[in-house]
Amino acid sequence: MTAAFLQWACLVGLPLAHATALYSTYNFNPLEHLAGVAPYFEPQDPPTDPAAPQGCTPSRAAYLVRHAAIYANDFDYEEYIEPFISKWKNHTSIDWSKIPSLSFLARWSPPITEAEQELLTRVGKLEATQLGVSLSFRYPNLKLPQRVWTSSAERTYESAKALIRGFELDDNTINLVSVYESESGGADTLTPYKSCPAYSSSAGSKQSSKYLDIFTRPIRARLNALAPGFNFTAEDVYGMMELCGYESVIRGGSPFCDTDLFSPDDWLGWEYTADVQYHYNVGYGSEASGVIGLPWVNATANLLLAADGSPDVQDLYVSFTHRELPPTVLVALGLFNNSAWGGSAASINDTMPLERINYKRAWKSSHVLPFLTNIALEKLNCTGNYGFDDGDYYRILVNSAPQELPDCGDGPGTSCSRKGFETFLNDRVSLLKGFSDRCGVDYKNSTDVLSIYTDPAVGNGTVVGKRQMGQL
């Protein structure tokens, strides 16, 4: 800040505590820092061009998609949101209208009921439909899929139906295949974490609770000074901030997102707490993560490597799952790894300290698992590309941002040659194979292979005509 600017600020009476740099372009959107409850957005991480490189045309693609926006996850609702709502309802003696940053609570009504947990919102249905339209525009030379796959939960099934609505030009042209969410299905499901005893849904809670206490401490002190009778807890604060995301995908916006209530630094604290949770739950902090994600990577890569004209191979594959699987796939691919440019797997947890934020981390859950997060594997046919041989190349996109695979970037843009991709795949399989053994499977007839795309026993699914879709 220059002396001239300071002098001008004093002359015009500008409060210096709030003065900003003359050329400041800082802006902050809490909805882009809400981890697993963030509405879909494309963080451009990294800011690579999602268009195919010069001279390249996509010839095949496969997508893994998390379900679209829901009213609330059952754990979030029961652990944080419902307790806050009940507490708020019981404190009728507080005159919220006289507390500036919390005055909206005088007229606010909860956006969620217990019966609505896990259900897709209208925004969620719209987003999934838009994804179908976007993919059809992105791949104009690819045939529409004959089948779309989904895990059997209502929210994933309804997301897949909405996507088909965006895809189809005519009714009943795409079949929807539902894959049962079995706890004894080995790797042959779209929810393999459920059939992996080594995975724990509570993993990361102990570690994230430490930073939850740290980042909420000043917030609790501030809010309790404003409303002493409420006794705001760390869980209350976390639930209020979650409501920013959930209420936004239900009503289109939320007063809990106001940065006068929670500052940008507060939101970054919330985000880091979630990042720690997911690091230990489905990220590099769990030895099971890559093992769980590998079967989808291997099965999908082999579909893309299949020779042109292979029978029963689609141009485009789309599968729907829950929030747990996409991060494990990213671990299997070696992406968003804090230790990628130094350190070792043994020190990976040191990159996610529990007492302060690592602002330089690659692992940001808001970037890898918002609602409708999607991971794409593309096969590109490239001819006449300057500096590269003609042929097939392969690349990964996460929420439309192309990613360079570790030790596999010898093609145009962030792509990898066929030979390089095959070597990369073999290396990852060697590192992470053995789902049944490494998961400690304790049931019979387990499998290490995902075969739903090629196994006739899975069936062709059922058609989903637009007239059966219901209203958005």
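## Exercises: disulfides and helix 6

C408 and C416 form a disulfide, with their sulfur atoms 1.7 Å apart. The model is predicted.

**Exercise 1.** Find the handedness of the disulfide of C408 and C416, and state whether each cysteine is buried or exposed.

*Solution.*
- Step 1. Take the torsion about the S-S bond: about -80 degrees, so the disulfide is left-handed.
- Step 2. Buried means under 20% relative accessible area.
- Step 3. C408 has a relative accessible area of 2%, so C408 is buried. C416 is at 0% and also counts as buried.

**Exercise 2.** Characterise the link between C56 and C382.

*Solution.*
- Step 1. The sulfur atoms of C56 and C382 are 2.0 Å apart, and the pair forms a disulfide. The cut-off is 2.5 Å.
- Step 2. The S-S torsion is about 110 degrees, so this disulfide is right-handed.
- Step 3. Place the ends. C56 lies in strand 1 (residues 56-66) and C382 in strand 5 (residues 374-382), so the pair ties together parts 326 residues apart in sequence.
- Step 4. Check burial. C56 counts as buried at 11% relative accessibility. C382 is buried at 1%.

**Exercise 3.** Repeat the analysis for C196 and C439.

*Solution.*
- Step 1. C196 and C439 form a disulfide, with sulfur atoms 2.1 Å apart.
- Step 2. The angle about the S-S bond is -95 degrees, and the link is left-handed.
- Step 3. C196 sits in the loop between strand 3 (175-179) and helix 5 (205-226), and C439 in helix 12 (residues 435-439), so the pair joins parts 243 residues apart in sequence.
- Step 4. C196 counts as buried at 2% relative accessibility. C439 counts as buried at 2%.

**Exercise 4.** How many disulfides does a search of the whole structure find, and what pattern do they follow?

*Solution.*
- Step 1. The search finds four disulfides.
- Step 2. Count the bonded cysteines along the chain. The pattern is 1-5, 2-8, 3-4, 6-7.

**Exercise 5.** Test the length of helix 6 (residues 234-251), then describe its bend and its surroundings.

*Solution.*
- Step 1. Helix 6 has 18 residues; at 1.5 Å a residue, the helix should span 26 Å. The expected span uses one less than the number of residues.
- Step 2. The end C-alpha atoms of helix 6 are 25 Å apart, which agrees.
- Step 3. Locate the bend. Helix 6 bends by about 30 degrees at L243.
- Step 4. Of the 18 residues, 16 are buried, so helix 6 is largely enclosed by the rest of the structure.
- Step 5. Look just past the end. G252, just after helix 6, takes a positive phi of about 90 degrees.

Note on methods
Residues numbered from 1 in each chain as written. Predicted model: local features only at pLDDT ≥ 70, side-chain atom pairs only at ≥ 80, totals over all residues. Heavy atoms only, no water. Helix = DSSP H or I, 4+ residues; strand = E, 2+ residues; numbered from the N terminus. Bend = angle between axes of the 7 residues up to and from the residue. Buried < 20%, exposed > 50% of the residue type's maximum accessible area, 1.4 Å probe, protein only.
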